[in-house]
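Grab a pencil and keep the 3D view open while you work. Try each task yourself before you read its solution.

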Amino acid sequence: MRVGVVTFPGSLDDVDARRAVRLGGAEAVPLWHGDHDLKGVDAVVLPGGFSYGDYLRCGAIARFAPVMTEVVAAAQGGMPVLGICNGFQILCESHLLPGALIRNDHRKFGCLDQTVRIESATTAWTSAYAPDQEVTIVLKNGEGSYVADLDTLDRLEGEGQVVARYVGGNPNGSQRAIAGVSNAAGNVVGLMPHPEHAVEDLCGPGTDGLGFFTSVVASLASA
Amino acid sequence: MARVVVDVMPKPEILDPQGKAVQGALPRLGFTGVSEVRQGKRFELELEGEATDERLAQVHEMAATLLSNPVIEDYAVRVLS
């Protein structure tokens, strides 16, 4: 099982994401933003950071990186894709996921251990969790406030595409406290908090994040 | 040569934390009486040749695909000269 992790100029969490992929039981394959090449991987992670310096809008330039042409085509063909933080912003800008992420309502960069509830355990990235399981992973963002129009929000709720929701207060003003969403097929997931920072007991708030990475291995094995 | 301006603004229903921060700073500097500030972006595009209908249609396409995100922003195109 080979899971690619894309490095854009300004990516910060690509190395942590590759480590999490390995701990989840897959081979981590570095992918480069400037290549039209997914190197034959079975799944892709778009990591956190500040791709292209967050110029214009977060994720707006990364969307047009050569590798994204391949990621978008693969995602539309059913390949599992997980976007974390900046990766979530890139997936929204790429129209692989609905909605957008704007500046936190309190205008401060937040960095904390955050409890989220797994609202959908049927996606390629969350099958290792029990429905409604509460997990604590790291949240660190300045522009993590999820917004979409009312019809889109109702559709996401109705179709079970809300993947994770903040518990114990809304840390960034996200509509309906949404922390993560999926596409209709469930292979593409965007997540504002960082599961890759919660995969080992040595650092971070525990190992609750590991399930995202074991989930994709299980879903690829059963595919 | 034609200079075209694209103004991009957050949609009215979208929270604008930057505008709120600017509004909050004004009274601290002694400026009163401002009930709302919305912050947007202004792009100035220098076109080769005239701003024909066809070129302006392209500018609209640029504005809709890259310069703005239609989920959260509105844009307006105008020709300066």
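Below are some exercises on this predicted model, each with a worked solution.

**Exercise 1. Find out how far apart the end C-alpha atoms of helix H5 of chain A should be, and check that against the model.**

Step 1: Helix H5(A) covers residues 210–222, which is 13 residues.
Step 2: The expected span is 1.5 Å times one less than the number of residues. For H5(A) that comes to 18 Å.
Step 3: In the model the end C-alpha atoms of H5(A) are 19 Å apart, so the two values agree.

**Exercise 2. Work out which residues of H5(A) are buried, and what they pack against.**

Step 1: Look for residues with 20 or more other C-beta atoms within 10 Å, because that is the cut-off for buried.
Step 2: In H5(A), this picks out Leu210(A), Gly211(A), Phe212(A), Phe213(A), Ser215(A), Val216(A) and Ser219(A).
Step 3: Now see what sits against them. The buried residues of H5(A) pack against strand S1 (2–7), helix H1 (14–23), strand S3 (43–46) and strand S4 (81–84) of chain A.
Step 4: Check from the other side, too. The buried residues of H1(A) include Asp14(A), Ala17(A) and Val21(A), and H5 is among the elements that the buried residues of H1(A) pack against.
Step 5: Keep following the chain, and just after H1(A) you meet Gly25(A), with a positive phi of about 105°.

**Exercise 3. Trace how strands S1, S3, S4, S11 and S10 of chain A connect by pairing.**

Step 1: Start with S1(A), which pairs with S3(A) in the parallel sense over three bridges. Here Val3(A) stands opposite Ala43(A).
Step 2: S3(A) also pairs with S4(A), again parallel and over three bridges. Leu46(A) has Gly83(A) as its bridge partner.
Step 3: How does the chain get from S3(A) to S4(A)? It goes through helix H2 (residues 66–76) of chain A, and this β-α-β crossover is right-handed.
Step 4: From S4(A), move on to S11(A): these two pair in the parallel sense over four bridges. Gly83(A) turns up again, with Gly190(A) as its bridge partner in S11(A).
Step 5: Finish with S10 (residues 178–182) of chain A, which runs antiparallel to S11(A) and is joined to it by three bridges. One pair to look for is Gly180(A) and Leu191(A).
Step 6: Between S10(A) and S11(A) the hairpin has five residues, and Gly186(A) in this hairpin takes a positive phi near 85°.

**Exercise 4. Sort the side chains of S3(A) by the way they point, then do the same for S11(A).**

Step 1: Remember that in a regular strand the side chains alternate between the two faces of the sheet.
Step 2: In S3(A), Ala43(A) and Val45(A) point one way, while Val44(A) and Leu46(A) point the other way.
Step 3: In S11(A), Val188(A) and Gly190(A) go one way, and Val189(A) and Leu191(A) go the other.
Step 4: Are these residues buried or exposed? The four in S3(A) are all buried, and so are the four in S11(A).

**Exercise 5. Decide whether Tyr52(A) and Arg176(A) are buried or partly exposed.**

Step 1: Locate them. Tyr52(A) is in the loop between S3 and H2 of chain A, and Arg176(A) is in the loop between strand S9 (162–166) and S10 of chain A.
Step 2: Most residues other than glycine have a negative phi. Tyr52(A), though, has a positive phi of about 50°, and phi of Arg176(A) is positive as well, near 55°.
Step 3: Count neighbours. Tyr52(A) has 21 other C-beta atoms within 10 Å, so this residue is buried. Arg176(A) has 14, so this one counts as partly exposed.

**Exercise 6. Put the three strands of the open sheet in chain B in order, and place helix H2 of chain B on them.**

Step 1: The order is S2-S1-S3, with antiparallel pairing.
Step 2: S2 (41–47) and S3 (73–79) of chain B are the edge strands, each pairing on one side only. The twist averages 20° from one strand to the next.
Step 3: S1 (residues 2–10) of chain B pairs with S3(B) over seven bridges, and Pro10(B) stands opposite Glu73(B).
Step 4: Now add H2 (residues 53–67) of chain B, which lies across S1, S2 and S3 of that chain and runs at about 155° to S3(B).

Notes
Residues are numbered from 1 along each chain as its sequence is written. Chains are lettered from A and ligands numbered from 1 in the order in which they are written. This is a predicted model: local features need pLDDT of at least 70, side-chain atom pairs count only at pLDDT 80 or more; totals for chains, interfaces and linings use all residues. Two strands pair if DSSP finds at least two bridges between them. Axes are lines fitted to C-alpha atoms, for helices over the stretch in contact, and angles run from 0 to 180 degrees between N-to-C directions. Two residues are in contact if their C-beta atoms, placed from the backbone, lie within 7 Å. A residue is buried if 20 or more other C-beta atoms lie within 10 Å of its own, exposed if 12 or fewer, and partly exposed in between; C-beta atoms are placed from the backbone. A crossover is right-handed if, with the strands pointing away from the viewer, the path from the first strand over the helix to the second runs clockwise.
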